[in-house]
Amino acid sequence: MANEKNNEEARNAVDNINDSLTSIEQKVQNNQKIIMWGCVGAAVVVVLILFYVYAFRMPRIQAANDAIGQADTELMAGNDSIALLKYKTVADEFGGDASNRAALNAAILLYQNKKYEEALDYLKKYDTKESVIGAGALSLEGDCYVNLKKYDEALGCFKKAVKESDNNPAYTPFFMMKEATVLHELKRYAEEADIYAEIIKEYPAYGDNNRLDLEKYLERAKALAGQK
C-alpha cells in the first residue's frame with residue numbers, strides 16, 4: 001500500500017511539473033508572439049519613415065535647392081524681378097533651409113522695391129539661424145518700419161539686432177546708430193545721447209573707421225535733452 005501511495009504521489013508530482021512546464025511554455029510562446037508583432041510593428045514604422053525621407057522629403061529638399069539655385073542665377077544675371085518671383089515661390093511652397101534663405105532674399109528685394117509691408121511678411125517667415133545674419137534681418141525689419149513711420153516697432157527691432165549681433169565690433173555699433181536715429185526722431189534725446197556715449201566707450205574705433213563724428217552727435221543729443 002505504501003508503495004502504491006508513493007507511486008501515486010510521484011505521478012501527481014510529475015503531472016504538476018508537466019502542467020507547470022506547459023504553462024511556462026505557453027507563456028513563452030505568447031511572449032514570443034508579442035515580441036514578434038512588436039518587431040513587425042517597429043519594422044513597419046521604420047519603413048514608413050524611410051519612405052517619407054526618400055520618397056517625399058529628400059525630393060522636396062532637392063526641388064527646393066534646384067529652385068533657389070535658379071533664383072540665385074537670375075539675381076546674379078541682374079534679373080531682379082524674375083529672381084524675386086522665384087524666391088517667393090520657394091519661400092511659399094517649400095520648407096527647410098532653402099525656403100528660409102529664399103524668404104530673406106525675397107524680403108531684401110521687396111525692400112529695395114519699396115514694398116515694405118510685403119517685405120515684412122517675408123521677414124516674418126525667416127528663422128534666425130546665425131547671429132550676424134539674424135541681426136541683419138532684424139535690422140532690415142526695423143528699416144521697413146522706419147519707412148512706414150512706425151518708429152516704436154522699428155526701435156524694438158534695432159534693439160533686438162543689437163542684442164543678436166553679440167558685440168560684433170563692425171555690426172553692433174551700426175545697429176546702435178540706427179537705434180539712436182529712431183530715438184532722435186521720437187525726441188528721446190537723453191536716450192539717444194546714452195547710445196552715442198556707449199558706442200564711444202565700447203567701440204572707440206567705430207567713429208573713425210566710418211568717418212563719423214560721434215562726439216558731435218553726442219553733444220547735439222545732450223543739448224536737445226537739456227544736458228550740459
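Where is Lys187 found? In this predicted model, Lys187 sits in the loop between helix 7 (172-185) and helix 8. Its backbone is a bit of an oddity: phi is positive, at about 60 degrees, although Lys187 is not a glycine. With a relative accessibility of 59%, Lys187 counts as exposed, because the cut-off for that label is over 50%.

Past that loop comes helix 8, which spans residues 189-202. Its partner here is helix 10, made up of residues 214-224. The two axes come within 8 Å and cross at roughly 155 degrees. Angles over 145 degrees count as roughly antiparallel, so helix 8 runs roughly antiparallel to helix 10. As for handedness, the crossing of helix 8 and helix 10 is left-handed.

Who does the touching? On the helix 8 side, the contact is made by Tyr189, Glu192, Ala193, Tyr196, Ala197, Ile199 and Ile200. Helix 10 brings Leu214, Glu215, Tyr217, Leu218, Arg220, Ala221, Lys222 and Leu224 to the contact. Sorted by class, the contact of helix 8 with helix 10 has eleven nonpolar residues and four charged ones, with no polar residues.

A positive phi also turns up at Arg211, in the loop between helix 9 (206-209) and helix 10. Phi of Arg211 is near 55 degrees, and this residue, too, is something other than glycine. Arg211 has a relative accessible area of 81%, so Arg211 is classed as exposed.

Conventions
Residues are numbered from 1 along each chain as its sequence is written. This is a predicted model: local features need pLDDT of at least 70, side-chain atom pairs count only at pLDDT 80 or more; totals for chains, interfaces and linings use all residues. Side-chain values use heavy atoms; hydrogens and water are left out. Axes are lines fitted to C-alpha atoms, for helices over the stretch in contact, and angles run from 0 to 180 degrees between N-to-C directions. Helices (H or I, at least four residues) and strands (E, at least two) are DSSP runs, numbered from the N terminus. Angles under 35 degrees count as roughly parallel, over 145 as roughly antiparallel, 65 to 115 as roughly perpendicular and the rest as oblique. A crossing is left-handed if the near helix is turned anticlockwise from the far one by less than a right angle, and right-handed if clockwise. Contact means heavy atoms within 4.5 Å. Ala, Val, Leu, Ile, Met, Phe, Trp, Tyr, Cys and Pro count as nonpolar, Asp, Glu, Lys and Arg as charged, and the others, Gly among them, as polar. Buried means under 20% relative accessible area, exposed over 50%, partly exposed in between (1.4 Å probe, protein chains only).
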